[in-house]
Every structure is written in C-alpha cells, then in structure tokens.
Amino acid sequence: MYDLKIVGGTVVDGSGGQRFDGDVAVRDGRVVAVGECPEPAARTLDARGALVTPGWVDIHTHYDGQVSWDEELAPSSIHGVTTVAMGNCGVGFAPVEPHDRQRLVELMEGVEDIPGSALSEGIRWGWRSFPEYMEALDRMPHAIDFVCQVPHDALRVFVMGERALATESATEEDVARMREVLREALLAGAAGFSTGRSDNHRSARGEATPASEAAGRELAGIAAAFVGLRHGVLQAVSDFDILTGDERFHPEFDLLEEMVAASGGHAMSVSTMQRDHSPEQWRWILERAERCRARVRRALPGRRPRHRRDAPGSRRRSTRSWASRATRRSATCRSRSACGGCATPSSRRA
Ligand SMILES: [Zn+2]
C-alpha cells in the first residue's frame, strides 16, 4: 500500500536520460517505485498531460544576499525551482571583513543590477568567514534547497583588501591564502568556486570587478584547493576580452582550462550567450568546452564516470553530479561543421 501514487504522467527523473511514461509511488515520504507501481494507494493523483519530476536545479542564481532574509527565495520557488546554486560570477557576500560589506554590496549592485538599497537594508550580516556565512543561512528555514559557491571577488577582497583591484596582481602569499580560505569553505560544505572576467561587469561606482583581470597563476593557484576532494564545481563568466578583439578568445579560454586542470579535473560551467560584439563566440565556447572535457578525461582515467541502471525505460548513464551533467550538456557543439570557433586563426594552431 502506497501513501501516494502519481499516475499517467511523463517522468523526467533528472538523471539526463530520456523521459518516459510511468507512475511514481511514495511511501513514508520517500519515492519507492517509478514506472510500474502495482500496489494500491491511499491517495492517487492523475498526472496525465503533465511532467513528473523530482524538481528543478537552477545552477546560476544570485540569491547570496536575499537568502539571508527571504525564507521563500522568491520568485524561484514560485516557478518550481527546488534547488538554487548561488555565488556565481565571482560576486557574493562571504568571506568578508565588516569594513568591506558596502564594497561587496556595490559590486553586486553593479554586476547583477540588484538594488544596493535592498541589499543594504535586507542582508542580516552575522558572518566573517564562509563557513560562518553558511551556518548563518542554515539557522533560518528556507522553502527550497540551496548550495553556496565561494565568489572570487569577495575572496580577493577578503585576502588582499585595498590591493584587490583589477590592476593589482596577487602575490604568491595572496594566492596561497586564497587557496587556503577556499579549501576551508569547501571542506565546510561549499559547493564550488566562481570567478568573473567580464569588462561589462562593473561595480555601482563603475569600477572593474576585483578579479576581472586575475592572472592564470592566480586562477590556477586558487583552483588547486579542489585537489583530492570528491565534490566541488567551478563556474566562470567571461566576455573573453570581447572588446579587445576575437583573437583574445582562445588565450582567455586557456585560462579556464588551466583552472580545470589545476583543480584535478573538477567540472566547470561557463556562462554562454550570444553577444552582439561577437555573435559566433558561443559556438567557440561550446567547441572548446567539448575539447577540454575530452582532454581532462584522457588525463584522468580514474575519473571515468561510473554507471548504474536507473528507472524503467532509461538507458545506462553517468552518476556524476548534476553540475557535471549540466556542464557536459552545455559542452555539446551540435553543428561542428559550422562551428565558427574552428575557423578563427588562434584555433587553427591548436
Ligand atoms: Zn551571474
């Protein structure tokens, strides 16, 4: 006897496999059967014409401030999202020294267009380190799940203070300290690390973001914090120096690949869109991401995905994390022959 049976729907189970028609049965608050559900149920829901899913994961959000005062995490929860990943694009509110709080608010306001007045009035500051930030968030209930990524800009300001300007290079000591702080956060449960390299992203004062010109040495040095960990993702938003010229694309993408390599092969997601200044750039991103993935796989044979049998009607598939799957999906260049990335001068050398 089930407590609940959802019948006649189209099941999309979140594993990346094909959707299929089937029933879902719940007992004691847990899904106990998917596909064939032969037992009677105390309650039955007719889901014909609807999708039946375990939920939606939004891997790119900026709730970092709102999550400290809003239990509902609206509007994502209203839209059916069940897990949000925060701390993207290098901006966020931890770690932070008390005297840098306003600077981080101005960064978020400028980069993500979230009103600084709302952030200043709303954020319930009560943390300094990243683990303290996560503990503060855990102390209040939330309608949906969330995961926190450590943002590069906040990390840089925390470690380097006034020197964390776009034009200032991090010293070896700075990099070592940023790696140490990130490692501490990851071990405490942070989901990853994000960085932003966009010339369009400015603080509310019009200043470049602190990490926008970080050197490869810094990016790779920080990413080494992931080595040996079984969890953790990287995220990057970059315009790949689009205003300088398309020839900058590949050197900029090289930096992201170096981060992945330095992390020991952890998954990275790269924000992708069609930009007016370089309409073909999104194709180059997909093409490079696909090549990067193949290279990392070859270099790390021990990290080949394991497989398991999933729900009825599904094929065998990877059990790697949702973030990893999302990255893999976005990395597929569907029109290889038309891929503009293959035609750029710096690509031909590769
Ligand atoms: Zn973003």
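1. In this predicted model, helix 6 passes helix 7 in a right-handed crossing. The residues that make the contact are Gly216, Leu219, Ala220 and Ala223 on the side of helix 6, and Leu255, Glu258, Met259 and Ala262 on the side of helix 7. Sorted by class, this contact comprises six nonpolar residues, one polar residue and one charged residue.

2. As for the geometry of this pair, the axes of helix 6, which covers residues 216–223, and helix 7, which covers residues 249–262, come within 7 Å and cross at roughly 25°. Angles under 35 degrees count as roughly parallel, and helix 6 and helix 7 are therefore roughly parallel to each other.

3. The surroundings of helix 6 deserve a separate comment. Its buried residues are Glu218, Leu219, Gly221, Ile222 and Ala223, and Leu219 and Ala223 are also listed among the residues through which helix 6 touches helix 7. The partners against which the buried residues of helix 6 pack are helix 5, strand 9 (192–197), strand 10 (233–238) and helix 7.

4. A second helix pair is formed by helix 4 (residues 152–160) and helix 5 (residues 172–187), whose axes come within 10 Å and cross at roughly 125°. An angle between 115 and 145 degrees falls outside the parallel, antiparallel and perpendicular classes, and helix 4 and helix 5 are therefore oblique to each other. Their crossing is right-handed.

5. In the contact between these two helices, helix 4 contributes Leu155, Arg156, Phe158, Val159 and Met160, while helix 5 contributes Asp174, Arg177, Met178, Val181 and Leu182. The residues of this contact divide into seven nonpolar and three charged, with no polar residue.

6. Turning to the chain as a whole, it contains ten helices and 13 strands, and 37% of its 350 residues count as buried. Among the contacts between residues at least 6 apart in sequence, 75% join residues at least 24 apart.

7. On confidence, the chain averages a pLDDT of 84, and 85% of the residues score at least 70. Over residues 303–350, however, pLDDT stays under 50, although the model has 82 contacts beyond four places in sequence for this stretch. Contacts drawn from residues 303–350 should accordingly be read together with that pLDDT of under 50.

Note on methods: Residues are numbered from 1 along each chain as its sequence is written. This is a predicted model: local features need pLDDT of at least 70, side-chain atom pairs count only at pLDDT 80 or more; totals for chains, interfaces and linings use all residues. Axes are lines fitted to C-alpha atoms, for helices over the stretch in contact, and angles run from 0 to 180 degrees between N-to-C directions. Helices (H or I, at least four residues) and strands (E, at least two) are DSSP runs, numbered from the N terminus. Angles under 35 degrees count as roughly parallel, over 145 as roughly antiparallel, 65 to 115 as roughly perpendicular and the rest as oblique. A crossing is left-handed if the near helix is turned anticlockwise from the far one by less than a right angle, and right-handed if clockwise. Two residues are in contact if their C-beta atoms, placed from the backbone, lie within 7 Å. Ala, Val, Leu, Ile, Met, Phe, Trp, Tyr, Cys and Pro count as nonpolar, Asp, Glu, Lys and Arg as charged, and the others, Gly among them, as polar. pLDDT is the predictor's confidence in each residue, from 0 to 100. A residue is buried if 20 or more other C-beta atoms lie within 10 Å of its own, exposed if 12 or fewer, and partly exposed in between; C-beta atoms are placed from the backbone.
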